[in-house]
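Work through the exercises below with the sequence and the structure open. Each task is followed by a solution in steps.

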Amino acid sequence: MKDTDKDFLEESFRKEVLKSMDDKLSEKEKKELMEEANVSLKFLDKINEVELPKDNYVIFTDGKEQLVYENGEFYIVSSTNSLKQKKKKTKKEATDMYLDYFIKYQLNPILDQRKAKEKVRAEQTKTKADKTIQLQKIAEDRKTKKEKTIEKEDITL
C-alpha cells in the first residue's frame, strides 16, 4: 500500500472517530475506536504482503461472475455465459472486489447473527423486567387486601 493511501485511510479513520466522538463517549470507548482503526490499517498492509501463487485459480464466485487469477493477472469471467470475454482487473481492483465479497458474504452474516442474539437478549431482559413488575403489583395488591381486611376487622371490633 502506498504511503499516500495509508495516510489518507488513517486520516479518514481519524476523522470518522472524531466525528463519532462527542461528550457521550468515554476515554475507553475512544481508545477502542482508535485501536479498531489501527487494526484496519494493519490489515490493509497485510493484504499487500500476501504473495500470489503461480497457479491459476478462482478467487470467488459472486452470482454470475467469478474473479479469476491466471498467469499473474486478475480477470472477471462470467460464470453463466462462456461466450463473454473476460475483463482484466488490476490488483487493487481485485482486492477491492474481494473485500466487498468478503464483507457481504462473510462479515455481514456474522453481524446479523450478533444483532439477532442482542435482540433476543433484549427481549429476555424486557420479559424479566415485566415479570418483576407483575410480581411487585401482585405483592402490593396482597398487601392492600390484607390492610383492608385488617381495617374491616378493626371496624367490627
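**Exercise 1. Confidence and overall layout**

Task: State how confident the predictor is in the protein chain, and which elements have the lowest and highest mean pLDDT.

Solution. The model is predicted. The mean pLDDT of the protein chain is 77, with 80% of its residues at 70 or more. Among the elements, the lowest mean, 68, belongs to helix α1 (residues 3-20), and the highest, 91, to strand β4 (residues 87-89).

Task: Give the order of helices and strands, and say what share of residues is buried.

Solution. The chain has three helices and four strands. Along the sequence they follow the pattern α-α-β-β-β-β-α. Of the 157 residues, 11% count as buried. The chain exposes about 13600 Å², and carbon and sulfur atoms supply 53% of that area. Among contacts between residues at least 6 apart in sequence, 30% join residues at least 24 apart.

**Exercise 2. Salt bridges**

Task: List the salt bridges and place the partners of each in the secondary structure.

Solution. The structure holds three salt bridges.

1. K86 and E70 meet through their side chains at 2.5 Å, N to O. K86 is in the loop between β3 and β4 and E70 is in strand β2, so this pair links distant parts of the chain, 16 residues apart. K86 is partly exposed at 42% relative accessible area, and E70 is partly exposed at 22%.
2. The side chains of K88 and E73 form a salt bridge at 3.2 Å, N to O. Because K88 lies in strand β4 and E73 in strand β3, the pair ties together parts that are 15 residues apart in sequence. K88 is exposed, at 54%, while E73 is partly exposed, at 28%.
3. K92 pairs with D96, with the closest N and O atoms 3.3 Å apart. The two are four residues apart in helix α3, which means that about one helical turn separates them. K92 is exposed at 54%; D96 is partly exposed at 33%.

**Exercise 3. Two polar side chains in strands**

Task: Decide whether D62 and S78 are buried or partly exposed, and find their polar contacts.

Solution. Start with D62, in strand β1 (residues 57-62). Its relative accessible area is 27%, so D62 is partly exposed. Beyond neighbours within four places in sequence, D62 is in contact with Y101, K104 and Y105. Y101 is 39 residues away in sequence, yet 7.4 Å away in space, C-alpha to C-alpha. With Y105, the side chain of D62 makes a side-chain polar contact of 2.6 Å.

Turn to S78, in strand β3 (residues 73-78). S78 has a relative accessible area of 16% and is therefore buried, the cut-off being under 20%. A polar atom of its side chain lies 3.3 Å from the backbone nitrogen of T80 and a polar atom of that side chain lies 3.0 Å from the backbone nitrogen of N81. Outside the four nearest places in sequence, S78 is in contact with K64 and K84.

**Exercise 4. A loop residue and a surface patch**

Task: What is the phi of N71, and where does the residue sit?

Solution. N71 has a positive phi of about 50 degrees, although it is not a glycine. Most residues other than glycine have a negative phi. N71 sits in the loop between β2 (65-70) and β3, and at 64% relative accessibility it counts as exposed.

Task: Which residues make the nonpolar surface patch?

Solution. I103, L107 and I110 make a patch of about 240 Å². I110 is in helix α3 (residues 91-156) and is partly exposed, at 45% relative accessibility.

Note on methods
Residues are numbered from 1 along each chain as its sequence is written. Side-chain values use heavy atoms; hydrogens and water are left out. Buried means under 20% relative accessible area, exposed over 50%, partly exposed in between (1.4 Å probe, protein chains only). Contact means heavy atoms within 4.5 Å. A polar contact is a pair of N or O atoms within 3.5 Å; within protein, one must be able to donate a hydrogen and the other to accept it, and residues adjacent in sequence count only if both atoms are side-chain atoms. pLDDT is the predictor's confidence in each residue, from 0 to 100. Patches are made of residues with over 30% relative accessible area and no salt bridge: like charges are joined within 9 Å, nonpolar side chains (Val, Leu, Ile, Met, Phe, Trp, Tyr) within 5 Å. Accessible areas come from the Shrake-Rupley method with a 1.4 Å probe; for residues, only the protein chains shown count as cover. A salt bridge is a side-chain nitrogen of Lys or Arg within 4 Å of a carboxyl oxygen of Asp or Glu.
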